[in-house]
Amino acid sequence: MTFSLSDTLLDWYDANARALPWRVGPAQRRVGERPDPYRVWLSEIMLQQTTVATVTAYFERFTARWPDVGALAAAPRDDVLSEWAGLGYYARARNLHACAQMVVAEYGGAFPATEGELRALPGVGLYTAAAIASIAFDEAATVVDGNVERVVARLHAVTEPLPGAKKRLYALAAALTPDARPGDYAQAVMDLGATVCTPRKPACAACPLADPCEARALGIAATLPAKTPKKKKPTRFGTCYLARRADGAVLLGRRPDAGLLGGMAELPGTTWAEDAPPPAPPLGADWRVMGEVRHTFTHFHLVLSVMRADVPLGTVPDRGEWTCVDRLDDAALPTLMRKALDCGLGPGRLL
Ligand code: SF4
């Protein structure tokens, strides 16, 4: 069954592969074109927790500005963080830059070709290493992301809930991975999961794997993979301070490298906690409340109050640096902080 299943899926992929800016499609592969490991790696990092639609514009901007790993490694880290701003999960951007520098320093600018070596690079976990090894180097690595877990759980009618079922799904996915065209096979499963075997309404009538699919036969496809209910996310509260100098400059701080939004620019503020933390303005002034912004992180919701003070030239803050308003677009401001600036300055000023 294994070989016929992967052959069936590869035939489907040959006819239905999505055209993606980082992909070398099956027709190009047939005439000998090889994927560029830099583009495969960059796209896989960007696609973690992020949709294809969102990633496409970022990918095109990154590759236009830094066409190879050497160019990215040589870029100032702030430029990379700034280009990444809005894409979220900012540890990815810091690791991206560190990884590019390691590939240049330790591998002479050529990505290592095996899953094991790739795993040792910053920001490259089990899934990403397998995806790069498979797609860029045709290693028969087992590539398992959320799409693959869903397809495999359904094909084998695995009703054990995630995350407990992860090991079993990985083993089942490994058993399905062929030695021939493993890179195309990995992309075929991803495409099937993204376009046919979708989370809520799998299009079983259009699926090349409908015959062997056990969940379809049992009528339970849409209920799989089962998931252990998540704990309710707590809400944290905080305050940020928009200090506006008479020449229009805005006071910005930088978040510590470790932790949420690490290394990104911010409006100086309090810590974030479930019991509202004490005020921590970056300078003494007549602060007034402008509103609040809400943002959801992986583990909590945040309600961030925005205070504003207009201060004269020559004001010296306790922390942070004055930044010209026309340079704010170049600052590595995450979406949360852009929302806070918008709240403090008035809608449409920056976003
Ligand atoms: S038959 Fe339906 S549930 Fe099974 S793999 Fe195809 S789309 Fe998914």
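Helices, as the term is used here, are DSSP runs of H or I with at least four residues, numbered from the N terminus. The structure is a predicted model, and helix 14 is a suitable place to enter it. Just after helix 14, G346 adopts a positive phi of about 110 degrees.

Helix 14 itself spans residues 335-345, and nine of its 11 residues are buried, so the helix is largely enclosed by the rest of the structure. The buried positions are L336, M337, R338, A340, L341, D342, C343, G344 and L345. The cover over these residues includes five strands: strand 1 (235-245), strand 2 (250-254), strand 3 (265-266), strand 4 (288-296) and strand 5 (301-311).

Helix 4 offers a second view of packing, here against other helices. Helix 4 covers residues 52-65, which makes 14 residues, and its first and last C-alpha atoms are 20 Å apart, close to the 20 Å expected at 1.5 Å a residue. Its buried residues are V55, Y58, F59, F62 and T63. Against these buried residues pack helix 3 (37-47), helix 5 (69-74), helix 6 and helix 7 (91-107).

Helix 6 comprises residues 77-84 and contains S82. S82 counts as buried because its relative accessibility is 17%, and the cut-off for burial is under 20%. Beyond its neighbours within four places in sequence, S82 is in contact with D329, D330, A331 and A332. A further reference point is L267, which lies 185 residues from S82 along the chain, with 15 Å between the two C-alpha atoms.

Helix 7 contributes R94. This arginine is buried, with a relative accessible area of 15%. When residues up to four places away in sequence are set aside, R94 touches R77, L81, D257, G259, L261, G262 and G263. One of these partners, D257, also offers its backbone oxygen, which the side chain of R94 reaches at 3.1 Å. By contrast, the C-alpha atoms of R94 and G164 are 31 Å apart, with the two positions 70 residues apart along the chain.

Charged pairs give another way to follow the chain. Side chains of opposite charge can pair when their charged atoms come close. A search of the whole structure finds 18 salt bridges. Among them is the pair R65 and D79, whose closest N and O atoms are 3.3 Å apart. This pair links distant parts of the chain, with R65 in helix 4 and D79 in helix 6, 14 residues apart. R65 counts as partly exposed at 39% relative accessibility, and D79 counts as partly exposed at 28%.

Helix 6 takes part in another such pair. The side chains of D78 and R254 meet in a salt bridge with an N to O distance of 3.3 Å. Here too distant parts of the chain are linked: D78 belongs to helix 6 and R254 to strand 2, 176 residues apart. With a relative accessibility of 37%, D78 counts as partly exposed; R254 is also partly exposed, with a relative accessible area of 44%.

A third salt bridge joins the side chains of R181 and D184, at 2.8 Å from N to O. R181 is partly exposed, with a relative accessible area of 31%, whereas D184 counts as buried at 4% relative accessibility. Both residues belong to a network of salt bridges that links D14, R30, R181 and D184.

T177 lies in the loop between helix 11 (166-176) and helix 12 (182-195). T177 is buried, with a relative accessible area of 14%. Its side chain reaches the backbone oxygen of A173 at 2.9 Å. Apart from residues up to four places away in sequence, T177 touches A140, A141, T142 and Y185.

The final stop is the ligand site. The ligand is surrounded by R154, C197, P202, C204, C207, A210, C213, R216 and A221. By class, this shell holds seven nonpolar residues, two charged residues and no polar ones.

Key: Residues numbered from 1 in each chain as written. Predicted model: local features only at pLDDT ≥ 70, side-chain atom pairs only at ≥ 80, totals over all residues. Heavy atoms only, no water. Near = heavy atom within 4 Å. Nonpolar A, V, L, I, M, F, W, Y, C, P; charged D, E, K, R; others polar. Helix = DSSP H or I, 4+ residues; strand = E, 2+ residues; numbered from the N terminus. Buried < 20%, exposed > 50% of the residue type's maximum accessible area, 1.4 Å probe, protein only. Contact = heavy atoms within 4.5 Å. Expected span 1.5 Å × (residues − 1). Polar contact = N/O pair within 3.5 Å; in protein donor to acceptor, adjacent residues only side chain to side chain. Salt bridge = Lys/Arg side-chain N within 4 Å of Asp/Glu carboxyl O.
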